[in-house]
Amino acid sequence: MAPPPKTPSRHRSRSETKTPLTASVFGVNATADASNPFIVPSRPSSPIKRATSASLQVSETLQRQASSGLIRKGGVESRLDVVTRDYVPPKSEKRSRSQPSVNTRDRFITTRDPADEVAATLDLMSLNPQSASPGHTARLAAATGVPLNRRVLAYHEPPPAASSDPLMAQARELVRPLYARAGSAPAGSSGTTGKDRKISTFPYKILDAPGMQDDFYLNLISWSCQNIVAIALGNCAYIWKAETGEVVLVSEGPEGSYISSLDFSNDGQFLGVGYPSGTVELWDVEGQSKLRTMTGHSAQVGCLSWHEHVLSSGCQDGSIWHHDVRVARHKVMELLGHQGEVCGLKWRSDGELLASGGNDNVLNVWDGRLGDVGTASASSRSAARWTKRNHTAAVKAVAWCPWQPALLASGGGTSDATVHIWNTTTGARLHSLVTPAQISSIQWAPHKKEFLTTHGYPTNAIMVHSYPAMEKVAEIRDAHDSRVLFSALAPGGELVCTAAGDENLKFWKIWEAPKGKKGKETKDSTSLGRTHSGILSIR
């Protein structure tokens, strides 16, 4: 690149050659173009210089040197670079503020040539062989281990993706236990729990319950808000008071028969009892006396559910009756929507909806408003609001979510073994979960976003699942020696009571009460502690 033009000194002799830039550099040009930034009119020469310049003798040699642009003075050569082209500024394109810039380069990432960057870096490091000693450069490169003219940091190709070969994936799964953390239990083993959950795989209490019916379609236990557990053994109904451990016989049915269902009222004052003959009895819990007998069903009453003064009963013929226990004509509505036995029945806490499951693999959601039997309003409300046929086996397990009233969970029998979560406002199915065994009951956790399922053959397990992730949080394999048929949740929401065909009633501590309410809500667990540990007999 040529060096910049040098401005000549004013005491140099003027050249006799007349060029376009001679006057602007050496003398005065009266016709100088004022618009050209490179043509600047010179000031008038000094009178002293004009006077002295006339007496100077200019030789022919000096004139030839000046005309050629090369002047020798004292043995030093100096060349004048003459500007032959005027500067033309680039055209600037006007644009609005909203218009983006045409330049797409990043202001922080340079677009220079990598070779130029390396050369500039080497120049700064004095590693360029042209500007440094070759021996010093070689010794420095050998000492640092950095090859010359090569970048130290550079981007490379990404590592190859993991193999998608199914055989390799299966091999990784087989060797995964070899690299498992010490003390961790393999998936599917007895009593497995999640990383952040510790659930005891041993029951909190065990009660002996001889004579319990081993029938999947019955509902034989209930836990009241007064911390009292009711259980049906044969033709008798017993209550077990958790605070004192006292066992009381409440009702006794006819000889040769058995109790097919029972349920506490919302206040825990009354107990409804159903029989295979189709009769429903109402008992006073405190006085152990029968208040009334309500007849009308033609077959076995397999499930009962209370809402305030209305006791609903599901029959083997597929019908559901609403009994108003305050009036003599107790039947206030009949719901017809099942072709098989009704084995699951549950009111929502606000009483607006009623869910029912049947042996015909159908789940129905009914309007909770009541009307007189035989009227037009009653017939219009007797049709189900939602009818779901997604299950492929009997639907016994139905449960309403306590912290999201619109959510309803349902579980199917052996050939289905699937939990479905429904939005009863829109009728949409939100989630589905396939389990390894038939589902006999579902319980929602009141203080956590989880729910519990009990299972029959082949696992006889109790499983806890998270919601809405639907992931297994904990599992207790072989919770009973026989299939787990029934379950009930304590009023505090910490303990779950399960019953099975092995004639045992077991209490499990599944959840913890909230920290702010722990001292108030642990009444049921502390009350259970007052009884003797081990196996307690009800009969």
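Q: Which polar atom pair ties N460 to R483, and how far apart are they?
A: A polar atom of the N460 side chain sits 3.4 Å from the backbone nitrogen of R483. A polar contact here is a pair of N or O atoms within 3.5 Å; within protein, one must be able to donate a hydrogen and the other to accept it, and residues adjacent in sequence count only if both atoms are side-chain atoms.

Q: What kind of model is this?
A: It's a predicted one: local features need pLDDT of at least 70, side-chain atom pairs count only at pLDDT 80 or more, and totals for chains, interfaces and linings use all residues. Residues are numbered from 1 along each chain as its sequence is written, and side-chain values use heavy atoms, with hydrogens and water left out.

Q: Back to N460, where is it?
A: In the loop between β25 (450–455) and β26 (462–466). Strands are DSSP runs of E, at least two residues, numbered from the N terminus.

Q: Buried or exposed?
A: N460 counts as buried because its relative accessibility is 6%; buried means under 20% relative accessible area, exposed over 50%, partly exposed in between (1.4 Å probe, protein chains only).

Q: What does N460 touch?
A: Leaving out neighbours within four places in sequence, its contacts include H455, I476, D478 and R483. Contact means heavy atoms within 4.5 Å.

Q: Switching topic: how many cavities of 30 Å³ or more?
A: One, and the largest cavity holds about 30 Å³ of space. A cavity is a set of points on a 1 Å grid over the protein atoms alone where a 1.4 Å probe fits but cannot get out; lining residues have an atom within 4 Å of a point. Grid points are joined across faces, edges and corners, and a volume is the space filled by probe spheres set on the points.

Q: Which residues line the largest cavity?
A: L363, V365, W386, K388, W422, N423, T424 and G427. β18 (363–367), β19 (386–388) and β22 (418–423) each give at least two residues to that lining.

Q: What's β22 paired with?
A: β22 runs antiparallel to β23 (residues 428–434), with six bridges joining them; strands pair if DSSP finds at least two bridges between them. V419 has L433 as its bridge partner in β23.

Q: And what's in the turn of that hairpin?
A: Four residues separate β22 and β23, and G427 in the turn has a positive phi of about 80 degrees. G427 is also one of the residues lining the largest cavity.

Note on methods
On a 1 Å grid over the protein atoms alone, a cavity is a set of points where a 1.4 Å probe fits but cannot get out, and a pocket is an open set with protein on both sides within 12 Å along at least five of seven lines; lining residues have an atom within 4 Å of a point.
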